[in-house]
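Please have the sequence and the coordinates open side by side while reading. The paragraphs below move from a sheet to its hairpin, then to the nonpolar core and the charged side chains.

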Amino acid sequence: QVQLVESGGGLVQPGGSLRLSCAASGSISRIYTMAWYRQAPGKQRELVAAITEGGNTNYVDSVKGRFTIARDNAKNMVYLQMNSLKPDDTAVYYCYANVLVPTGTHNGYWGQGTQVTISS
């Protein structure tokens with residue numbers, strides 16, 4: 001079993017910053033891509049940012065220049081630094097990891113989500 005636990009969400013004013021963290025634990029041999037998704041009320045879940053095991057990153061256009069994804073492979077953690085936050089960034093943010101487990105298969109796992117609300 002693999003568990004992903006997010007933390008760091010909350011309520012901030014427009015223009016503020018938040019840092020999300022996600023810790024992966026359990027039967028993990030290796031973690032390939034890690035990512036952050038978000039889902040706003042009434043909208044589909046969308047990819048916000050992803051990072052490969054080697055550190056290559058990609059971002060949805062709406063967050064480029066404002067958000068930064070990073071990971072610590074030794075700790076099985078991924079982070080999302082969010083700056084210059086806008087009301088449109090309000091959503092539940094989910095951590096995702098593509099994990100190689102000891103059986104030799106790789107599966108996708110999700111965290112439970114953390115609420116981010118941008119409001120004055």
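Which strands make up the open sheet of 4 strands, and in what order do they stand? The order is S1-S3-S8-S7, with antiparallel pairing, where strands are DSSP runs of E with at least two residues, numbered from the N terminus, and two strands count as paired if DSSP finds at least two bridges between them. The model is a predicted one, in which local features need pLDDT of at least 70 and side-chain atom pairs count only at pLDDT 80 or more, while totals for chains, interfaces and linings use all residues. Residues are numbered from 1 along each chain as its sequence is written, and side-chain values use heavy atoms, with hydrogens and water left out.

S1 and S7 stand at the edges of this sheet with a single partner strand each, so one side of each is left without a neighbour in the sheet. Neighbouring strands are turned against each other by 15 degrees on average, direction ignored, the axes being lines fitted to C-alpha atoms and the angles running from 0 to 180 degrees between N-to-C directions. As background, strands of a sheet pair through backbone hydrogen bonds, either parallel or antiparallel. At one edge, S1 and S3 are paired in the antiparallel sense over 6 bridges, and Gln-3 has Ser-25 in S3 as its bridge partner.

At the other edge, S7 pairs with strand S8 (residues 77-82), again in the antiparallel sense and over 6 bridges, with Phe-67 standing opposite Met-82 in S8. These two strands form a hairpin with 4 residues between them. Asn-76, in the loop between S7 and S8, has a positive phi of about 55 degrees although it is not a glycine. With a relative accessible area of 24%, Asn-76 is partly exposed, on a scale where buried means under 20%, exposed over 50% and partly exposed in between (1.4 Å probe, protein chains only). Beyond the hairpin, Ser-84 in the loop between S8 and S9 also has a positive phi, of about 50 degrees, without being a glycine, and counts as partly exposed at 40% relative accessibility.

In a regular strand the side chains alternate between the two faces of the sheet. S7 has a covered face made of Phe-67, Ile-69 and Arg-71, and an uncovered face made of Thr-68, Ala-70 and Asp-72. Phe-67 also belongs to the largest nonpolar core, a set of 30 residues in which Trp-36, Phe-67, Val-78, Leu-80, Met-82 and Tyr-93 touch the most other members; such a core is a set of buried Ala, Val, Leu, Ile, Met, Phe, Trp, Tyr and Cys residues joined through side-chain atoms within 4.5 Å. The elements that give two or more residues to this core include S1, S3, S7, S8 and strand S9 (91-100), and S9 gives the most, with 5 residues.

Which charged side chains meet Arg-66? The side chain of Arg-66 forms a salt bridge with that of Asp-89 (2.8 Å, N to O), a salt bridge being a side-chain nitrogen of Lys or Arg within 4 Å of a carboxyl oxygen of Asp or Glu. Because Arg-66 lies in the loop between S6 and S7 and Asp-89 in the loop between S8 and S9, the pair ties together parts that are 23 residues apart in sequence. Both Arg-66 and Asp-89 are buried, Arg-66 with a relative accessible area of 9%. Leaving aside residues up to four places away in sequence, Arg-66 touches Gln-81, Met-82, Asn-83, Ser-84, Leu-85, Lys-86 and Asp-89, where contact means heavy atoms within 4.5 Å. One of these, Leu-85, is 19 residues from Arg-66 in sequence and 7.7 Å from it in space, C-alpha to C-alpha.

By this rule the count comes to 5 salt bridges. Another of them joins Glu-46 to Arg-38, with the closest N and O atoms 2.7 Å apart; Glu-46 is partly exposed at 29% relative accessibility, whereas Arg-38 is buried at 6%. Arg-38, Glu-46, Arg-66 and Asp-89 are linked in a network of salt bridges. The side chains of Lys-64 and Asp-61 also meet in a salt bridge (2.9 Å, N to O), with Lys-64 partly exposed at 48% relative accessibility and Asp-61 exposed at 62%.
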